[in-house]
Amino acid sequence: LIAVVALNIYMRVAFAPFFDRAESPFDIPGINTGFVPQALDHVEADDSWLFSGYMADHSPSPLYRRTADGTITKFYVSLPDGSPYDGHGSAITTNEQYAYLACEEGYLVIPMDDLLFAEDGASCRPPRRWMSTSPPPS
């Protein structure tokens, strides 16, 4: 117990300049509803942030999008067979055309228009699942 307290004091003193300047840019959406965030990505197309993760109760895994004005949209992804994505959501990244969401054995490729214009509660359905051994669309 003494070691933990000493380490905590050391961290606060050693990193005081960081903590003094640190800012909380925005709250993590869904954090108080069982959402366990795993990744975020800045979407340059509209200066929004995209959060992926999973639900602690194993229900379908949502994606959250926070726009530059602070509006939060929660939506879901369906697998190519139509079943809900309930994976870990351990990684998400975007380019100008697609969002890539990690899933078992590969990733889901979601057209950016589907993602940018998804309404709250909606579900996006990627055209197919891409295995890690096949190249993504470009």
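Is Met11 buried, partly exposed or exposed, and what relative accessibility does Met11 have? In this predicted model, Met11 has a relative accessibility of 36%, and because of that value it counts as partly exposed, given that the intermediate class runs between 20% and 50%. Met11 is placed in helix 1, and it belongs to a nonpolar patch on the surface that also includes Leu7, Tyr10, Phe15, Phe18 and Phe19, the six residues together offering about 640 Å² of accessible area. Helix 1, which covers residues 2-14, and helix 2, which covers residues 16-21, each supply at least two residues of this patch, with helix 1 giving the most, namely three.

From these helices the reader can turn to the sheet. Five strands make up an open sheet in the order 1-2-3-4-8, with mixed pairing, and its edges are strand 1 and strand 8 (123-124), each of which pairs on one side only. In general, the strands of a sheet pair through backbone hydrogen bonds, in either a parallel or an antiparallel sense. Starting from the edge at strand 1, the pairing with strand 2 (residues 48-55) is antiparallel and extends over eight bridges, and within this part of the sheet Pro37 stands opposite Gly53 of strand 2. The loop between strand 1 and strand 2 holds Asp47, whose phi is near 55 degrees, a positive value in a residue that is not glycine. Asp47 counts as partly exposed because its relative accessibility is 42%.

Strand 2 in turn pairs with strand 3 in the antiparallel sense, here over four bridges, and Phe51 has Tyr64 in strand 3 as its bridge partner. These two strands form a hairpin with six residues between them, in which His58 takes a positive phi near 70 degrees. His58, a residue of the loop between strand 2 and strand 3, is not a glycine either, and because its relative accessibility is 67%, it counts as exposed.

Strand 3 itself (residues 62-66) is mostly covered, with five of its five residues buried. Pro62, Tyr64 and Arg66 point one way from the strand, while Leu63 and Arg65 point the other way, and this burial applies to both groups. On its other pairing, strand 3 meets strand 4 in the antiparallel sense over five bridges, and Leu63 stands opposite Phe75 in strand 4. The hairpin of strand 3 and strand 4 has five residues between the strands, and Gly70 in its turn has a positive phi of about 95 degrees.

The pair of Leu63 and Phe75 leads on to the interior. Both residues are among those with the most contacts inside the largest nonpolar core, a set of 19 residues in which Val77, Tyr85, Leu101, Leu108 and Ile110 share that distinction. The elements that give two or more residues to this core are strand 1 (35-43), strand 4 (72-77), strand 6 (98-103), strand 7 (106-111) and helix 3 (112-116). Tyr85 shows how the core residues meet: leaving aside residues up to four places away in sequence, Tyr85 touches Val77, Leu101 and Leu108, and its other contacts are Pro60, Ser61, Ser78, Leu79, Ala102 and Cys103.

Definitions and conventions. Residues are numbered from 1 along each chain as its sequence is written. This is a predicted model: local features need pLDDT of at least 70, side-chain atom pairs count only at pLDDT 80 or more; totals for chains, interfaces and linings use all residues. Side-chain values use heavy atoms; hydrogens and water are left out. A nonpolar core is a set of buried Ala, Val, Leu, Ile, Met, Phe, Trp, Tyr and Cys residues joined through side-chain atoms within 4.5 Å. Buried means under 20% relative accessible area, exposed over 50%, partly exposed in between (1.4 Å probe, protein chains only). Contact means heavy atoms within 4.5 Å. Two strands pair if DSSP finds at least two bridges between them. Patches are made of residues with over 30% relative accessible area and no salt bridge: like charges are joined within 9 Å, nonpolar side chains (Val, Leu, Ile, Met, Phe, Trp, Tyr) within 5 Å. Accessible areas come from the Shrake-Rupley method with a 1.4 Å probe; for residues, only the protein chains shown count as cover. A salt bridge is a side-chain nitrogen of Lys or Arg within 4 Å of a carboxyl oxygen of Asp or Glu.
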